[in-house]
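Here is a quick tour of a protein chain for anyone who would rather think at the bench than scroll through coordinates. Have a look at the model first, and then we can walk through it piece by piece.

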Amino acid sequence: MVKRLIIKLIIEVGSTFAKSFMKAYQQSAKQQGGKSANPFSEFLNQTMQAANLTHKPMTRDEAFKILQLTAEKTNAEEILKIYWRQFHKNDPVKGGSFYIQSMLHNAKCELMKDFPDINEKEILEKLRKEEESQKGKEEEGKQEEQKTN
């Protein structure tokens with residue numbers, strides 16, 4: 001378990017370093033008018049692209065697929081409701097996937113761009129309170145069952 005975490009950490013740090021290096025390279029290339037300064041920088045550019053270390057933003061279609069929504073019936077509350085439910089189902093503590101959580105978060109952010117005036121925190125807090133009250137009702141039901149048995 002620890003070995004796996006160390007390997008993941010090394011991969012994440014390496015990936016972050018490579019992305020930072022690529023951003024610095026791109027900035028310097030822009031300052032030089034987009035021309036490669038030397039053969040090494042051209043080689044580096046090709047290598048980074050071949051290794052797919054450049055980040056591609058999520059499209060709206062991908063976001064709809066990830067959250068299993070359609071464009072016709074989408075509103076901010078529905079997006080956040082599905083996001084909240086799926087995000088917590090995929091909690092790594094419960095055996096879920098951090099990668100899936102990241103994809104859900106990115107999908108939510110992409111779709112919420114259409115609703116700039118919506119306060120996400122208020123809606124998420126409302127959903128959290130509803131979930132807590134549901135859990136409380138379920139626990140009360142279990143306690144009543146135990147009393148009758």
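## Contacts and overall layout

Among the contacts in the chain with a separation of 6 or more, 58% are between residues 24 or more positions apart. Keep in mind that this is a predicted model. The chain has six helices and zero strands, so reading from the N terminus, by the helix and strand assignment used here, you get α-α-α-α-α-α.

Of the 149 residues in the chain, 21% are buried. The accessible surface comes to about 11900 Å², and carbon and sulfur atoms account for 55% of that.

## How far to trust it

The mean pLDDT of the chain is 80, with 81% of the residues at 70 or more. Confidence isn't spread evenly: helix α2 (residues 39-50) is the low point with a mean of 66, while α3 is the high point at 91.

## The nonpolar core

The largest nonpolar core has 18 residues, and the members that touch the most others are Leu 67, Leu 69, Ile 79, Leu 80, Leu 111, Leu 124 and Leu 127. Four helices each put in two or more residues: α3 (60-67), α4 (76-89), α5 (98-112) and α6 (120-148). Helix α4 supplies the largest share, with six residues.

Take Leu 69 as an example. Leaving out residues up to four places away in sequence, Leu 69 touches Phe 64, Thr 74, Glu 78, Ile 79, Ile 82 and Leu 111.

## Helix α4

What covers the buried residues of α4? The cover includes α3, α5 and α6. The buried residues themselves are Ala 76, Ile 79, Leu 80, Ile 82, Tyr 83 and Trp 84.

A quick ruler check works out for this helix. With 14 residues at 1.5 Å a residue, α4 should span 20 Å, and its end C-alpha atoms are indeed 20 Å apart. At the start of α4, Asn 75 has a side-chain oxygen within 3.2 Å of the backbone nitrogen of Glu 77.

## Helix α6

The same ruler works on α6: its 29 residues should span 42 Å at 1.5 Å a residue, which agrees with the 42 Å between its end C-alpha atoms. Its buried residues are Ile 123, Leu 124 and Leu 127, and part of what covers them is α4.

The N-terminal end of α6 is capped by Asn 119, which has a side-chain oxygen 3.2 Å from the backbone nitrogen of Lys 121.

## Three buried residues in α5

Start with Leu 104, which is found in helix α5. Its relative accessible area is 3%, under the 20% cut-off, so Leu 104 counts as buried. Setting aside residues up to four places away in sequence, Leu 104 touches Ile 66, Leu 67, Tyr 83, Gln 86, Phe 87 and Asn 90. The C-alpha atoms of Leu 104 and Phe 87 are 6.7 Å apart, although the two residues are separated by 17 residues along the chain.

Two other α5 residues are Gln 101 and Glu 110. Gln 101 is buried, with a relative accessible area of 8%, and it touches Phe 87, Asn 90, Asp 91 and Pro 92, again not counting residues up to four places away in sequence. Glu 110 has a relative accessible area of 15%, so it falls under the 20% limit and is buried too. With residues up to four places away in sequence left out, Glu 110 touches Met 58, Thr 59, Arg 60 and Ala 63. The side chain of Glu 110 also makes a polar contact of 3.1 Å with the side chain of Lys 113.

## An unusual loop residue

Where does Gln 68 lie? You'll find Gln 68 in the loop between α3 and α4. Gln 68 is not a glycine, yet it has a positive phi of about 55°.

Is Gln 68 buried or exposed? Its relative accessibility is 68%, and the cut-off for exposed is over 50%, so Gln 68 counts as exposed.

Methods:
Residues are numbered from 1 along each chain as its sequence is written. Side-chain values use heavy atoms; hydrogens and water are left out. A nonpolar core is a set of buried Ala, Val, Leu, Ile, Met, Phe, Trp, Tyr and Cys residues joined through side-chain atoms within 4.5 Å. Buried means under 20% relative accessible area, exposed over 50%, partly exposed in between (1.4 Å probe, protein chains only). Contact means heavy atoms within 4.5 Å. Accessible areas come from the Shrake-Rupley method with a 1.4 Å probe; for residues, only the protein chains shown count as cover. The expected span of a helix is 1.5 Å times one less than its number of residues. A polar contact is a pair of N or O atoms within 3.5 Å; within protein, one must be able to donate a hydrogen and the other to accept it, and residues adjacent in sequence count only if both atoms are side-chain atoms. pLDDT is the predictor's confidence in each residue, from 0 to 100.
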